[in-house]
Amino acid sequence: MDSAVSDVATEEELKAWQLNRTRAPIATKIVVAGGFGVGKTTFVGAVSEIEPLQTEAMMTEASTETDDLSATPRKTTTTVAMDYGRITLDDDLVLYIFGTPGQQRFWFMWDDLVRGAIGAVVLADTRRLPDCFPALDYFESCGLPYVVAVNHFDGTPTFQPDDVRDALTIPPTVPVLIMDARKRNTAVESLLALVRHALDASPE
């Protein structure tokens, strides 16, 4: 390929701020939390523009007494540290996304993962709504803005956001969305809703 053509092709792949360092974007950290098997790893993988970092480990018989697989019988791996991805929402806004492990035995890591975040997306599964209570309680207690994104699984009933809000007793100021963690557009909408909510909660 001609070098000039190659240079043009390379520039088309670069972001504006990569060509002009004076336009360096605002880097923002977001946390994705929720219960075991709710779709956090899938969410991060769906939105990330880079190959996501995943710390998945095979599940063993030792976890059968603590990890409830009744709603996700085909699940064979679990996150043992975090998931990590990145998405550029605009020329001047880059989100770094950290997915938390869901099981109680890994909750000690949450303080480190949440440090510096502007907010959190709490994923919920309507078959197991109580599983997201620990995340809701955690973000309420530390004052971190959050939104609730209901991950709709195939073959499950569809509920309206207000139904979920009532079931979880979520304040009216907290956005509740119905989405599919496998579909990038709905996952991105959840991130945008969180950014807007975080700005409203902390406009400075």
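Modeller: Let's start with a yardstick: a residue is buried when its relative accessible area is under 20%, exposed when it is over 50%, and partly exposed in between. Please keep in mind that this is a predicted model.

Biologist: Then let's try the yardstick out. What makes arginine 127 partly exposed?

Modeller: Its relative accessibility is 38%. That value lies between the cut-offs of 20% and 50%, so arginine 127 counts as partly exposed.

Biologist: And why is aspartate 125 called buried?

Modeller: Aspartate 125 has a relative accessibility of 2%, and the limit for buried is under 20%. Aspartate 125 therefore counts as buried.

Biologist: How do you know that aspartate 125 and arginine 127 form a salt bridge?

Modeller: Their side chains meet with N and O 2.8 Å apart. A salt bridge needs a side-chain nitrogen of Lys or Arg within 4 Å of a carboxyl oxygen of Asp or Glu, so this pair qualifies. In general, side chains of opposite charge can pair when their charged atoms come close.

Biologist: What makes the contact of arginine 165 with aspartate 162 a salt bridge?

Modeller: The closest N and O atoms are 3.9 Å apart, and the limit is within 4 Å, so the name applies here too. The two residues are 3 residues apart in helix 6 (residues 161-168), which means they are separated by about one helical turn. Arginine 165 has a relative accessible area of 16%, so it is buried.

Biologist: Where does aspartate 180 come in?

Modeller: Aspartate 180 meets arginine 182 in a salt bridge, with 2.8 Å from N to O. Aspartate 180 counts as buried, because its relative accessibility is 9%. Elsewhere, Asp125, Arg127, Arg128 and Asp131 are joined into one network by salt bridges that share partners. The structure holds 8 salt bridges.

Biologist: Now to empty space. How many cavities of 30 Å³ or more are there?

Modeller: The count comes to 2. The largest has a volume of about 60 Å³, and the second largest about 40 Å³.

Biologist: What makes the lining of the largest cavity free of charged residues?

Modeller: The lining consists of Thr126, Val150, Asn151, His152, Phe153, Thr156, Pro157, Thr158, Phe159 and Ile178. The residues that count as charged are Asp, Glu, Lys and Arg, so by class this lining has 5 nonpolar, 5 polar and no charged residues.

Biologist: Which residues line the second largest cavity?

Modeller: Gly35, Val38, Leu123, Ala124, Asp125, Arg128, Leu129, Asp131 and Cys132 do. They divide into 5 nonpolar, 1 polar and 3 charged.

Biologist: Why is valine 31 called buried?

Modeller: Valine 31 has 0% relative accessibility, and the limit for buried is under 20%, so it counts as buried. Valine 31 sits in strand 1 (residues 26-34). Leaving aside neighbours within four places in sequence, its contacts include Phe98, Leu113, Val121 and Phe139. The C-alpha atoms of valine 31 and valine 121 are 6.3 Å apart, although their positions lie 90 residues apart along the chain.

Biologist: What makes helix 3 (residues 40-47) mostly covered?

Modeller: Of its 8 residues, 6 are buried. They are Lys40, Thr41, Phe43, Val44, Ala46 and Val47. Over the whole chain of 204 residues, 45% count as buried.

Biologist: Is threonine 169 buried or exposed?

Modeller: Threonine 169 has 66% relative accessibility, and exposed means over 50%, so threonine 169 counts as exposed. Threonine 169 lies in the loop between helix 6 and strand 7 (176-179). Its phi is positive, about 50 degrees, although it is not a glycine.

Biologist: Which elements have the lowest and the highest mean pLDDT?

Modeller: Helix 1 (residues 3-13) has the lowest, 47, and strand 6 (residues 146-151) the highest, 97. Over residues 1-11 the pLDDT is below 50, and this stretch has 2 contacts beyond near neighbours in sequence. Residues 75-80 also stay under 50, and for them the model has 27 contacts beyond four places in sequence. Where pLDDT is low, the predicted coordinates should not be read in detail. The chain averages 80, and 70% of the residues score at least 70.

Notes:
Residues are numbered from 1 along each chain as its sequence is written. Side-chain values use heavy atoms; hydrogens and water are left out. On a 1 Å grid over the protein atoms alone, a cavity is a set of points where a 1.4 Å probe fits but cannot get out, and a pocket is an open set with protein on both sides within 12 Å along at least five of seven lines; lining residues have an atom within 4 Å of a point. Grid points are joined across faces, edges and corners, and a volume is the space filled by probe spheres set on the points. pLDDT is the predictor's confidence in each residue, from 0 to 100. Helices (H or I, at least four residues) and strands (E, at least two) are DSSP runs, numbered from the N terminus. Contact means heavy atoms within 4.5 Å. Buried means under 20% relative accessible area, exposed over 50%, partly exposed in between (1.4 Å probe, protein chains only).
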